[in-house]
Amino acid sequence: MKIGALAIAAMLVFSGPVLAAKAKGILYDCDITDKRDRLYWIADKIAIVVMDSGEVMVYDEVIMRFHNEPMAAQVTRDNTRKLAIRWTLKDLVNSSNQYTSAFEYRATLNKSSNKISVHARPDGYPNKFSGSGVCTTRVE
């Protein structure tokens, strides 16, 4: 299932009174076009919203499937050149009935080029997933 950027943005903006009250900020509408593995764990489209308050929300197809709503991301770096965030999906069971207690995600956005790289790793497994692409910026 593919989600359009506007659908993701709408979910981020209208997913509750807390987000609706803080809807001003920057939306990074990211297309992940280069993946090491064409597997599901790195979505083709990722939305990152940096609120004026400093709060960062992230939403993609994987989050939609397992969490059903946008997630808060932890900012690990935010300066004039780079935004780095991370988030964790917990207690996942895939279509092969494999369980992982946590799936750790990291994303780094180069603010001058709008290039993004995303990395994911399931706890308890040796697998690592990665992808990169470009984001379009929208200011609200």
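A residue counts as buried when its relative accessible area is under 20%. By that criterion, 41% of the 140 residues in the protein chain are buried in this predicted model. The protein chain exposes about 7,800 Å². Carbon and sulfur atoms supply 51% of that area.

The secondary structure comprises 3 helices and 8 strands. Read from the N terminus, the elements follow the order α-α-β-β-β-α-β-β-β-β-β. Contacts across the sequence were also counted. Among those between residues at least 6 apart in sequence, 43% join residues at least 24 apart.

The strands form a closed barrel. Its 8 strands run E1-E2-E3-E4-E5-E6-E7-E8, with antiparallel pairing. From one strand to the next, the twist averages 30°. In general, strands of a sheet pair through backbone hydrogen bonds, in either a parallel or an antiparallel manner.

Strand E1 covers residues 25–35. Its pairing with strand E2 (residues 45–51) is antiparallel and comprises 7 bridges. Within this pairing, Tyr28 has Ile48 of E2 as its bridge partner. E1 also runs antiparallel to strand E8 (residues 129–139), to which 9 bridges join it. Here Asp29 stands opposite Thr136 in E8. Elsewhere in the barrel, strand E6 (residues 99–110) and strand E7 (residues 115–122) run antiparallel and are joined by 7 bridges. Ala107 stands opposite Val118 in E7.

Nonpolar side chains tend to be buried together in soluble globular proteins. In this model, the largest nonpolar core holds 30 residues. Ile48, Trp87, Tyr105 and Ile116 touch the most other members. Strand E5 (residues 82–93) gives the most to this core, with 5 residues. Apart from it lies another core, of 5 residues. Leu27, Ala47, Met51 and Met57 are among its members.

Ile48 illustrates how distant parts of the sequence meet. Neighbours within four places in sequence are set aside here. Ile48 is then in contact with Ile26, Leu27, Tyr28 and Cys30, among others. Its contacts also include Val56, Met57 and Val58, as well as Ile85 and Ile116. Tyr28 is thus listed both as a contact of Ile48 and as its bridge partner. Ile116 and Ile48 are both among the core residues that touch the most other members.

Aromatic rings were examined next. The whole structure contains 6 aromatic pairs. Ring pairs link Tyr40, Trp41, Phe66, Trp87, Phe103, Tyr105 and Phe129 into a cluster. Trp87 and Tyr105 belong to this cluster, and both also appear among the core residues with the most contacts to other members.

Methods:
Residues numbered from 1 in each chain as written. Predicted model: local features only at pLDDT ≥ 70, side-chain atom pairs only at ≥ 80, totals over all residues. Heavy atoms only, no water. Pairing = 2+ DSSP bridges. Helix = DSSP H or I, 4+ residues; strand = E, 2+ residues; numbered from the N terminus. Axes fitted to C-alpha atoms, helices over the stretch in contact; angles between N-to-C directions. Core = buried A, V, L, I, M, F, W, Y, C linked by side-chain atoms within 4.5 Å. Buried < 20%, exposed > 50% of the residue type's maximum accessible area, 1.4 Å probe, protein only. Contact = heavy atoms within 4.5 Å. Phe/Tyr/Trp six-rings, centres within 6.5 Å; stacked < 30°, edge-to-face > 60°. Areas by Shrake-Rupley, 256 points an atom, 1.4 Å probe, with all protein chains shown as cover.
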